[in-house]
Every structure is written in C-alpha cells, then in structure tokens.
Amino acid sequence: MATTNVQEEATKPAKRKPVFTKVDQMKPGTNGHTLIAKVLSSETVLQKGPRPSSSSSSRGIIRPTLISECLIGDETGSIIFTARNEQVELMKAGNTVIIRNAKIDMFKGSMRLAVDKWGRIEVTDPAEFVVKEDNNLSLIEYELVNAVEE
C-alpha cells in the first residue's frame with residue numbers, strides 16, 4: 001500500500017514558482033495575480049451582523065458580513081483592494097502583504113483587486129519600497145464597448 005502512495009506523489013505535477021506582478025501591469029478582467037504590496041489605508045464600507053430572530057436559529061447560523069476597501073500599492077502604482085470578512089484583519093494600514101491568486105473585479109467602471117476562496121493573503125516582513133500613490137489604477141474609468149463586425 002505504501003508503494004501506491006509513492007506512485008501517486010510522483011504523478012502529481014510539481015508546484016510552479018509564483019510569478020510576481022506589479023500593480024501597473026494589471027488589466028481589467030484578468031486573474032491569477034501574485035504580488036507584494038503595502039497597505040496604505042483601510043476603510044470599512046459594509047458591516048452587517050446577524051439579525052436576532054427565531055427563524056434564523058432554525059435555518060442555521062448566519063455569519064456577519066464585513067467588507068473593507070483598502071488602498072494598497074507597490075513602487076509602480078496603487079489600487080483599491082476589496083477585503084472581505086477574515087481578510088479585513090490582515091489588511092491593516094502599514095502592513096506589507098503577499099497576495100496570491102488575486103483577480104481584477106470591475107465596480108462602477110473602475111478596477112478593484114480581490115481575493116476569492118482560491119486565493120490567499122499573508123502578512124510578511126515590511127517591504128523596502130516606497131508606494132507610488134500618484135498612479136492609482138482604481139481612478140481610471142473603463143467603459144464596456146461592444147465592437148460591431150462589418
């Protein structure tokens with residue numbers, strides 16, 4: 001039985017080394033971004049708690065919802081990161097974080113960086129770079145244009 005485990009491990013593909021991207025390289029509709037960024041500010045935009053009622057106890061536990069918008073960046077630019085629930089704790093102003101498998105969401109025509117259940121956020125040692133705040137990608141408005149084929 002031990003030999004089958006060894007064979008299974010041998011057939012698994014090797015883990016890829018992460019390719020770190022910079023903030024200024026991000027485009028709308030892309031995903032799989034891994035980057036190191038500093039958190040400049042964090043502001044709670046939505047905080048919903050469970051409502052105490054008799055019907056909620058019969059359906060199960062309703063978890064509170066917490067959403068925060070955090071301005072993060074690196075030496076090439078900055079972007080707004082949407083932190084949800086447990087992520088809000090990690091995204092405190094002044095922290096340096098490694099964000100893995102992040103995606104670009106569009107919100108009211110502007111880009112927002114987000115991490116879903118497939119991604120990960122880790123707090124790491126403070127970075128040495130200075131954030132370029134005057135290149136905020138979330139301030140650029142995009143408009144969806146349908147191209148007409150002739």
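This dialogue reads several features of a predicted model.

Q: How many helices and strands are in the protein chain, and how do the elements run from the N terminus on?
A: The protein chain has three helices and six strands. From the N terminus on, their order is α-β-α-β-β-α-β-β-β.

Q: Among contacts between residues at least 6 apart in sequence, what percentage join residues at least 24 apart?
A: In the protein chain, 66% of such contacts join residues at least 24 apart.

Q: What percentage of the residues in the protein chain are buried?
A: Of the 150 residues, 31% are buried. The accessible surface of the chain comes to about 10900 Å², and carbon and sulfur atoms account for 52% of this surface.

Q: How should a nonpolar core be read, and which residues have the most contacts inside the largest one?
A: As a general idea, nonpolar side chains in soluble globular proteins tend to be buried together. In this structure the largest nonpolar core has 21 residues. Those with the most contacts inside this core are Ile-72, Ile-79, Phe-81, Met-91, Ile-99 and Leu-113.

Q: Which strands each supply at least two residues of this core?
A: They are β1 (31–48), β2 (65–74), β3 (77–84), β4 (96–107) and β5 (110–114). The most is given by β4, with four residues.

Q: Which residues does Ile-72 touch, not counting those up to four places away in sequence?
A: Ile-72 touches Ala-37, Lys-38, Val-39 and Leu-40, among others. The list also includes Gly-77, Ser-78, Ile-79 and Phe-81, together with Met-91, Ile-99 and Leu-113.

Q: Is Ser-138 buried or exposed?
A: A residue is called buried when its relative accessible area is under 20%. Ser-138 has a relative accessible area of 7%, so this residue is buried. Ser-138 is found in the segment after β6.

Q: Which backbone atoms lie 2.9 Å and 2.8 Å from a polar atom of the Ser-138 side chain?
A: The backbone nitrogen of Ile-80 lies at 2.9 Å, and the backbone oxygen of Met-111 at 2.8 Å. Leaving aside neighbours within four places in sequence, Ser-138 is in contact with Ser-78, Ile-79, Ile-80, Ser-110, Met-111 and Arg-112.

Q: Which residues make a nonpolar surface patch of about 250 Å²?
A: Met-106, Ile-140 and Tyr-142 make this patch. Tyr-142 is found in the segment after β6 (120–124).

Q: Why is Tyr-142 classed as partly exposed?
A: The partly exposed class lies between 20% and 50% relative accessible area. Tyr-142 is placed there because its relative accessible area is 34%.

Conventions: Residues numbered from 1 in each chain as written. Predicted model: local features only at pLDDT ≥ 70, side-chain atom pairs only at ≥ 80, totals over all residues. Heavy atoms only, no water. Core = buried A, V, L, I, M, F, W, Y, C linked by side-chain atoms within 4.5 Å. Buried < 20%, exposed > 50% of the residue type's maximum accessible area, 1.4 Å probe, protein only. Contact = heavy atoms within 4.5 Å. Patch = residues over 30% accessible without salt bridge, like charges linked within 9 Å, V, L, I, M, F, W, Y side chains within 5 Å. Areas by Shrake-Rupley, 256 points an atom, 1.4 Å probe, with all protein chains shown as cover. Salt bridge = Lys/Arg side-chain N within 4 Å of Asp/Glu carboxyl O. Polar contact = N/O pair within 3.5 Å; in protein donor to acceptor, adjacent residues only side chain to side chain.
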